[in-house]
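The following exercises ask the reader to work through strand pairing, ligand surroundings and backbone geometry. Each task is followed by a solution in steps.

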Amino acid sequence: MRLDKFISESTAYSRKDIKALIKQKAVSVNGIIAAKPDEKVGADDKISVNGQEISYKKFVYLIMNKPQGYISATEDKHYKVVTDLVPEEYRHYNVFPVGRLDIDTEGLLILTNDGAFDHAVTSPKKNIYKKYFARLDRECDEKDVNAFMAGMEFKDFTAKPARLTICDDRKEAYVEIAEGKFHQVKRMFERVGKTVVYLKRVAIGGLELDGGMQLGEVKEIDHSILTAKLYGKGD
Ligand code: URA
């Protein structure tokens, strides 16, 4: 591919910046100062800008501990969006959220610019379970566990059997669902007469939210580690 494409896809530099950097002799290919932006390079070539080597990266995978108050979108007229929290160094990748969390839901969210990955992970066929921690307005009981385990019929979809684990404080529970339909967890609790007052996603498949991540924090994750974790668990 062209040298300027390689650099612009892997860094925040625009094609215009790269042209200027090449003029300033700040770009090298395998130790030789580059002369032209359209010079042909491959993924194995050692490209450096201002002496710093750049590794080629077309796609990026980020994990976020989403705070409340942000919608799972890339732009909105009225609300803050999750991509507002993406650090500057990743902005040029134009990432988008994989699946959605409600504005008032916290927790684990993946962002990427890899459309095929998004499609694979959100496909219902993949059966990747999502685990949530919920706080309710009332105590849960065994009847709720059975109701979740039986699956639930809604007018727009049928929820597959879901695992409900009640905590010592019976107003708190973990729930694992196979789908990710609009307001699904809230609607399932509503069905058993409870209102969700706080919701946090704690895992997607075998990928768990790192307890050390602050709300709003974003971390890059390697594609192979991410997919191994996602598919490492689930029914
Ligand atoms: N279910 C919900 O009700 N809300 C979410 O944000 C995610 C799952």
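**Exercise 1. Identify the bridge partner of tyrosine 132 in strand 15, and then place strand 10 among its neighbours.**

Solution.

Step 1. In this predicted model, tyrosine 132 has arginine 201 as its bridge partner in strand 15.

Step 2. Strand 10 (residues 130-136) and strand 15 (residues 196-204) are paired in the antiparallel sense, over seven bridges. Another facing pair is lysine 131 with alanine 203 of strand 15.

Step 3. Strand 10 also pairs with strand 14 (residues 172-177), again in the antiparallel sense, over six bridges. Here tyrosine 132 stands opposite valine 175. Tyrosine 132 thus has a partner in strand 15 and one in strand 14.

Step 4. To judge enclosure, count residues with under 20% relative accessible area as buried. Five of the seven residues of strand 10 are buried, so the strand is largely enclosed by the rest of the structure.

**Exercise 2. Determine in which sense strand 15 pairs with strand 9 and with strand 16, and how much of strand 15 is buried.**

Solution.

Step 1. Strands of a sheet pair through backbone hydrogen bonds, either parallel or antiparallel.

Step 2. Strand 9 (residues 105-112) pairs with strand 15 in the parallel sense, over three bridges. Glycine 107 has arginine 201 as its bridge partner in strand 15. Arginine 201 is also the bridge partner of tyrosine 132.

Step 3. Strand 16 (residues 207-208) pairs with strand 15 in the antiparallel sense, over two bridges. Isoleucine 204 is matched with leucine 207 of strand 16.

Step 4. Two residues lie between the strands in the hairpin of strand 15 and strand 16, and glycine 205 in this hairpin takes a positive phi near 55°.

Step 5. Of the nine residues of strand 15, eight are buried, and the strand is mostly covered.

**Exercise 3. List the residues around the ligand, and state which of their atoms lie at short listed distances from its nitrogen and oxygen atoms.**

Solution.

Step 1. The residues around the ligand are Leu101, Asp102, Thr105, Tyr132, His183, Gln184, Val185, Lys186 and Leu199. The largest share of this shell, three residues, comes from helix 5.

Step 2. An N or O atom in the side chain of aspartate 102 is 2.7 Å from a nitrogen atom of the ligand.

Step 3. An oxygen atom of the ligand lies 2.8 Å from a polar side-chain atom of threonine 105. For glutamine 184, a backbone N or O atom lies 3.5 Å from an oxygen atom of the ligand.

Step 4. On its own the ligand has 230 Å² of accessible area, and the protein covers 98% of it. The space that the ligand takes is the largest pocket.

**Exercise 4. Is helix 5 enclosed or open, and what are the phi values of histidine 183 and glycine 193?**

Solution.

Step 1. Helix 5 spans residues 184-191, and six of these eight residues are buried, so the helix is largely enclosed by the rest of the structure. The buried residues are Gln184, Val185, Lys186, Arg187, Met188 and Phe189.

Step 2. Histidine 183 lies in the loop between strand 14 and helix 5. Although histidine 183 is not a glycine, its phi is positive, at about 55°. Its relative accessible area is 30%, and it is therefore partly exposed.

Step 3. Glycine 193, just after helix 5, takes a positive phi of about 80°.

**Exercise 5. Give the strand order of the open sheet of four strands, and describe asparagine 30.**

Solution.

Step 1. The sheet has the order 2-1-3-4, with antiparallel pairing. Its edge strands, strand 2 (32-33) and strand 4 (52-54), each pair on one side only.

Step 2. Strand 1 (residues 27-29) and strand 3 (residues 47-49) pair over three bridges in the antiparallel sense. Valine 29 has isoleucine 47 as its bridge partner in strand 3.

Step 3. Asparagine 30 is found in the loop between strand 1 and strand 2. Its phi is near 50°, a positive value in a residue other than glycine.

Step 4. With a relative accessible area of 43%, asparagine 30 is partly exposed.

Notes
Residues are numbered from 1 along each chain as its sequence is written. This is a predicted model: local features need pLDDT of at least 70, side-chain atom pairs count only at pLDDT 80 or more; totals for chains, interfaces and linings use all residues. Side-chain values use heavy atoms; hydrogens and water are left out. Buried means under 20% relative accessible area, exposed over 50%, partly exposed in between (1.4 Å probe, protein chains only). Two strands pair if DSSP finds at least two bridges between them. A residue is near a molecule or strand if one of its heavy atoms lies within 4 Å of it. A polar contact is a pair of N or O atoms within 3.5 Å; within protein, one must be able to donate a hydrogen and the other to accept it, and residues adjacent in sequence count only if both atoms are side-chain atoms. Accessible areas come from the Shrake-Rupley method with a 1.4 Å probe; for residues, only the protein chains shown count as cover. On a 1 Å grid over the protein atoms alone, a cavity is a set of points where a 1.4 Å probe fits but cannot get out, and a pocket is an open set with protein on both sides within 12 Å along at least five of seven lines; lining residues have an atom within 4 Å of a point. A molecule sits in a cavity or pocket if more than half of its atoms lie within 2 Å of its grid points.
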